[in-house]
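Here are some short exercises to work through with the structure open beside you. Try each task on your own, then follow the solution step by step.

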Amino acid sequence: TGEYKEDATTTDCMAAAFTNAQKHIDSEGGQQKFKFVPGQLIDALKYGGVWGLDEVTLPQNPGVIPALNPAMDNTQSLTLPTGEVIHRHPDCIFVGTTNIDLEGCRRMNQAWQDRCQLIIDMKEPDDKELKARVIAMTGYDEDTDAGIVDLDKFIRAYHEFKQISKRKRLDDGTIGPRKLADWVTSSLVTEDPVESAMITIIPGATADPDGIAEMREKLSQLF
């Protein structure tokens with residue numbers, strides 16, 4: 001608005017923004033104008049390339065995935081909102097990724113899945129790969145940090161926590177490489193793996209009192 005208002009609320013700001021937008025529309029004769037701007041998907045379709053759709057089961061608009069179906073079947077084309085028809089380049093590759101075992105993930109659209117030529121189930125990394133990922137995610141230095149954080153011991157505890165979670169069917173949280181990395185990062189600061197576990201990997205795994213108690217007991221055995 002150009003005027004300072006110390007007690008302005010978020011509602012006031014939104015109202016002012018909509019008022020300014022309405023003034024602009026009115027000045028254009030009441031006509032809203034939209035411009036279609038092609039993104040990376042269109043470039044991949046036209047010129048080739050790999051286009052990745054992360055979390056393919058969780059689009060904000062459920063109609064997005066089926067809209068791509070014509071580009072993935074024998075039609076091999078996509079019609080833009082402008083009416084232009086884009087024919088898929090022979091070197092255009094679609095890649096969709098998703099987690100199938102986490103709360104909140106929906107089932108994959110079957111029409112999309114039917115058009116996927118390759119479906120690859122990625123297994124959990126082995127300990128060597130897991131260790132390499134944690135080092136990359138945390139900046140862990142094996143020469144200087146090993147005295148504070150024994151990564152091999154952390155990974156053993158990580159597997160124990162996962163087994164407890166699986167055995168007790170704890171499904172209100174998750175235990176994965178990110179939580180392990182969070183635990184390592186916190187421990188490098190606190191220099192106390194037990195304290196750090198109680199604010200990172202264990203509460204991230206579950207809020208179930210029995211589950212937490214069993215994980216704490218296992219933690220005390222390892223540290």
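**Exercise 1. Decide whether Gln-113 is buried, partly exposed or exposed, and find its surroundings.**

Step 1. Gln-113 has a relative accessibility of 34%. Buried means under 20% relative accessible area, exposed means over 50%, and partly exposed lies in between (1.4 Å probe, protein chains only). Gln-113 therefore counts as partly exposed.

Step 2. Look for Gln-113 in helix 5, residues 110-114. Helices (H or I, at least four residues) and strands (E, at least two) are DSSP runs, numbered from the N terminus.

Step 3. Leaving out residues up to four places away in sequence, Gln-113 touches Met-108 and Ile-119. Contact here means heavy atoms within 4.5 Å.

Step 4. Asn-69 is 44 residues from Gln-113 along the chain, and their C-alpha atoms are separated by 9.7 Å.

Before you go on, two notes on the model. It is predicted, so local features need pLDDT of at least 70 and side-chain atom pairs count only at pLDDT 80 or more, while totals for chains, interfaces and linings use all residues. Residues are numbered from 1 along each chain as its sequence is written, and side-chain values use heavy atoms, with hydrogens and water left out.

**Exercise 2. Describe how helix 6 and helix 7 pack.**

Step 1. Two packed helices are described by the angle between their axes and the distance between the axes. Axes are lines fitted to C-alpha atoms, for helices over the stretch in contact, and angles run from 0 to 180 degrees between N-to-C directions.

Step 2. For helix 6 (residues 127-138) and helix 7, the angle is about 115° and the axes are 11 Å apart.

Step 3. Angles under 35 degrees count as roughly parallel, over 145 as roughly antiparallel, 65 to 115 as roughly perpendicular and the rest as oblique. Helix 6 and helix 7 are therefore roughly perpendicular.

Step 4. Their crossing is right-handed. A crossing is right-handed if the near helix is turned clockwise from the far one by less than a right angle, and left-handed if anticlockwise.

Step 5. Helix 6 brings Asp-127, Leu-130, Lys-131, Val-134 and Ile-135 to the contact, and helix 7 brings Leu-151, Asp-152, Ile-155, Tyr-158 and His-159. Sorted by class, these are six nonpolar, one polar and three charged residues. Ala, Val, Leu, Ile, Met, Phe, Trp, Tyr, Cys and Pro count as nonpolar, Asp, Glu, Lys and Arg as charged, and the others, Gly among them, as polar.

**Exercise 3. Now do the same for helix 7 and helix 8.**

Step 1. Helix 7 (residues 151-167) packs with helix 8 (residues 177-190) at about 135°, with the axes 11 Å apart. That angle makes helix 7 oblique to helix 8.

Step 2. The crossing of helix 7 and helix 8 is right-handed.

Step 3. Residues in the contact include Phe-154 and Phe-161 of helix 7, and Trp-183 and Val-184 of helix 8. By class, there are ten nonpolar, one polar and no charged residues.

**Exercise 4. Which residues touch the most other members of the largest nonpolar core?**

Step 1. A nonpolar core is a set of buried Ala, Val, Leu, Ile, Met, Phe, Trp, Tyr and Cys residues joined through side-chain atoms within 4.5 Å.

Step 2. The largest such core has 22 residues, and Phe-161, Leu-180, Trp-183, Val-184, Ile-201 and Met-215 touch the most other members.

Step 3. Helix 6, helix 7, helix 8, helix 10 (201-205) and helix 11 (209-222) each give two or more residues to this core. Helix 7 supplies the largest share, seven residues.

Step 4. Beyond four places in sequence, the contacts of Trp-183 include Phe-154, Phe-161, Ile-201 and Leu-219.

**Exercise 5. Is Ser-186 buried or exposed, and what does Ser-186 touch?**

Step 1. Ser-186 is found in helix 8. With a relative accessible area of 14%, Ser-186 is buried.

Step 2. Not counting residues up to four places away in sequence, Ser-186 touches Ser-196, Ile-199 and Thr-200.

**Exercise 6. What is the sign of phi at Glu-55 and Gln-76?**

Step 1. Most residues other than glycine have a negative phi.

Step 2. Phi is near 50° at Glu-55, a positive value, and near 55° at Gln-76, also positive.

Step 3. Glu-55 sits in the loop between strand 1 (49-53) and helix 3 (64-67), while Gln-76 sits in the loop between helix 4 (69-72) and strand 2 (77-79).
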